[in-house]
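I opened the model today to look up its sheets, its helix packing and its interior. My entries follow in the order I made them.

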Amino acid sequence: MKTNDFDRQMELENEMIDRGRDRYFATVARMKERNAEANTSYGKLLLKRGIEPLAGRIDKFIRESKAGGAGRRHKAVTMLEGLDTQVVAFITLRKVLDTFSQAMPYQRVAVLTVGLGCKVIVLDHISIVVNPHLAGRSTDPQRFSDEDLLERELSYGRSGFRLQFMLDTRLSDAERYPLKLKDLIVMGTSTTDAPEKPIWASGIGNVINDLPCVGLNGDRYHSVAHIHGGWIPYTGSVMAIDPAGRGADETAVCVVKMLNGYLYLTALRAYSDGYGDSTLESIAKLAKQEKVNHVIIEANFGDGMFTKLIQPFFTRIHPVKVEEVKHSRQKEQRIIDTLEPVMNQHRLVVNREVIQWDYESTKKLPPEQAFKYQLFYQMSRITRDRGSLGKDDRLDVLAMAVGHWVEQMGVDADKKIVQRREGLLKEELRAFTSATGASIRLPAGSVVDPMKFEFVTLSTGAGRSGGLNYARR
């Protein structure tokens, strides 16, 4: 490397370091201004490490105080009895850390902590004991209504909601794995069309027993319970590609299509031979077969090299828009935050053939390694802990594709069905009037529903006034 190039590279690296440092301190300063220092990186670390020791000390304090003996009687014991000490520890540490860098007397911090703790824990528990029907209701309706909390639960996912809005720091084994196979809708899918609104149900009649299931004990696939509306073309089809990074990583590819706020995983592929021509050609052919109109490629490895390699194959086989995406968040957090809300709402539909292919694609591997490469094993085993999965290529590429559609998923499927039917009826009425010369008038602002109208009389001809009457049934 030339001396000038080396010096320039060093300047760039030093500039990156300076900007990163400035951004970090700016974030810390902003959190301090908001009295939210517990949300900083060091605050989160101290909070995570401090809950268990503090909860143990609280338990010890309660036991020793109840044992009697010499010394003062602590009134706080009567308030702490029956409460979850880990939640008490969480609230206490959070409030202390929020005021970590402030010159504040301990008494003031204690007042703030007790105020928050009493409001969230003591009053909540007492209210539920006295009025069991309040369980699951908002403790502060003026700030968070029940409807608002329901929307937030759908947005955060079950595990995130329990932590952020119920202060539940403990997760059972089942809750540690937030992505459940039972939340998927499994059915046969088409390359071009999909049902307007597939309905999910957890009944025993919907459990699928003829597909290999690698989920945790009790986690099963469920078939579609009912299809509301007809089959119509997808509104879009995206292919996501996660190029192999290093070692035994796979180049993972999936196709996810969207209709009325529902996402359809129609195809999945994984390649272990790197960036060979056969792999690149196979990916381009899959895009053509699935009628993909947008391709997104993770550019974190190789600085876009994979995109440059595969672009000529798309140009020759299936011309399509190709876009690179980059990720900076912790992978496990990003995957769960993307997939959990969609799966909790049963908005992710999986093609039966994808499940079968995913299972059979690893048969050549040793049994102890095969499961780790499978999408649905990765889906059911991921946690928020860094490095919780040995292999995550297939799950990561699915999260990429789903993330592409997230902003367009706020669609009410029922409204879309009504709008489509209105459009079809209006087209039929236009065709009818064009063919017969009849005149049709509908009340201004009326909602056209073909099930509520019937034709009564129609008269046309010279010298007569043509008209079409309709009546509600």
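**Entry 1: cavity.** I began with the lining of the largest cavity, where α12 supplies the largest share, three residues. The model is a predicted one, and I kept that in mind throughout. I looked up the volume of this cavity and got about 30 Å³. The count of cavities of 30 Å³ or more comes to one. I then listed the lining: Pro212, Val214, Tyr221, Ile355, Asp358, Tyr359, Gln374 and Phe376.

**Entry 2: helix α12.** Since α12 had come up, I checked its burial next. The helix spans residues 352-360, and its buried residues are Val354, Ile355 and Asp358. Why do they sit on the same side of α12? They cover an arc of only 100° around the axis, and that puts them on the same side. I noted the general rule beside this: an α-helix has 3.6 residues a turn, so residues three or four places apart point the same way. What do the buried residues of α12 pack against? I found β1, β6, β9, α14 (375-381) and α15. Two of the buried residues, Ile355 and Asp358, also appear in the cavity lining.

**Entry 3: the seven-stranded sheet.** I followed those contacts to the sheet. It is open, has seven strands and shows mixed pairing. I read the strand order as β1-β9-β6-β5-β4-β7-β8. The edges are β1 (185-187) and β8 (321-325), each of which pairs on one side only. From one strand to the next, I get an average twist of 25°.

I then looked up one pair inside this sheet. Strands β4 (residues 236-242) and β5 (residues 251-259) run antiparallel, joined by seven bridges. In this pair, Met239 is placed opposite Val255 of β5.

**Entry 4: helices on the sheet.** I checked two helices here. Helix α9 (residues 277-289) packs on the sheet and touches β4, β5 and β6 (262-271). Its direction makes about 160° with that of β6. Helix α15 (residues 393-405) lies across β4, β5, β6, β7 (294-298), β8 and β9 (348-351). I recorded its angle to β4 as about 145°. The α15 helix is also one of the elements that the buried residues of α12 pack against.

**Entry 5: β2 and β3.** I turned to another strand pair. Strand β2 (residues 193-199) is mostly covered, with five of its seven residues buried. It pairs with strand β3 (residues 226-233) in the antiparallel sense, over six bridges. I looked up the partner of Ile199 and found His226 in β3 opposite.

**Entry 6: positive phi.** Most residues other than glycine have a negative phi. I therefore noted the exceptions that follow. Lys291 is not a glycine, yet its phi is positive, about 55°. It lies in the loop between α9 and β7. His346 also has a positive phi, near 55°. I placed it in the loop between α11 (331-344) and β9. Is His346 buried or exposed? It is buried, because its relative accessible area is 17% and the cut-off is under 20%.

**Entry 7: whole chain.** I closed with the totals. The chain has 16 helices and 11 strands. Of its 473 residues, 37% are buried. I also looked up contacts with a separation of 6 or more: residues 24 or more positions apart account for 67% of them.

Technical notes:
Residues are numbered from 1 along each chain as its sequence is written. This is a predicted model: local features need pLDDT of at least 70, side-chain atom pairs count only at pLDDT 80 or more; totals for chains, interfaces and linings use all residues. Side-chain values use heavy atoms; hydrogens and water are left out. Two strands pair if DSSP finds at least two bridges between them. Helices (H or I, at least four residues) and strands (E, at least two) are DSSP runs, numbered from the N terminus. Axes are lines fitted to C-alpha atoms, for helices over the stretch in contact, and angles run from 0 to 180 degrees between N-to-C directions. Contact means heavy atoms within 4.5 Å. Buried means under 20% relative accessible area, exposed over 50%, partly exposed in between (1.4 Å probe, protein chains only). The arc is that of the directions from the helix axis to the C-beta atoms. On a 1 Å grid over the protein atoms alone, a cavity is a set of points where a 1.4 Å probe fits but cannot get out, and a pocket is an open set with protein on both sides within 12 Å along at least five of seven lines; lining residues have an atom within 4 Å of a point. Grid points are joined across faces, edges and corners, and a volume is the space filled by probe spheres set on the points.
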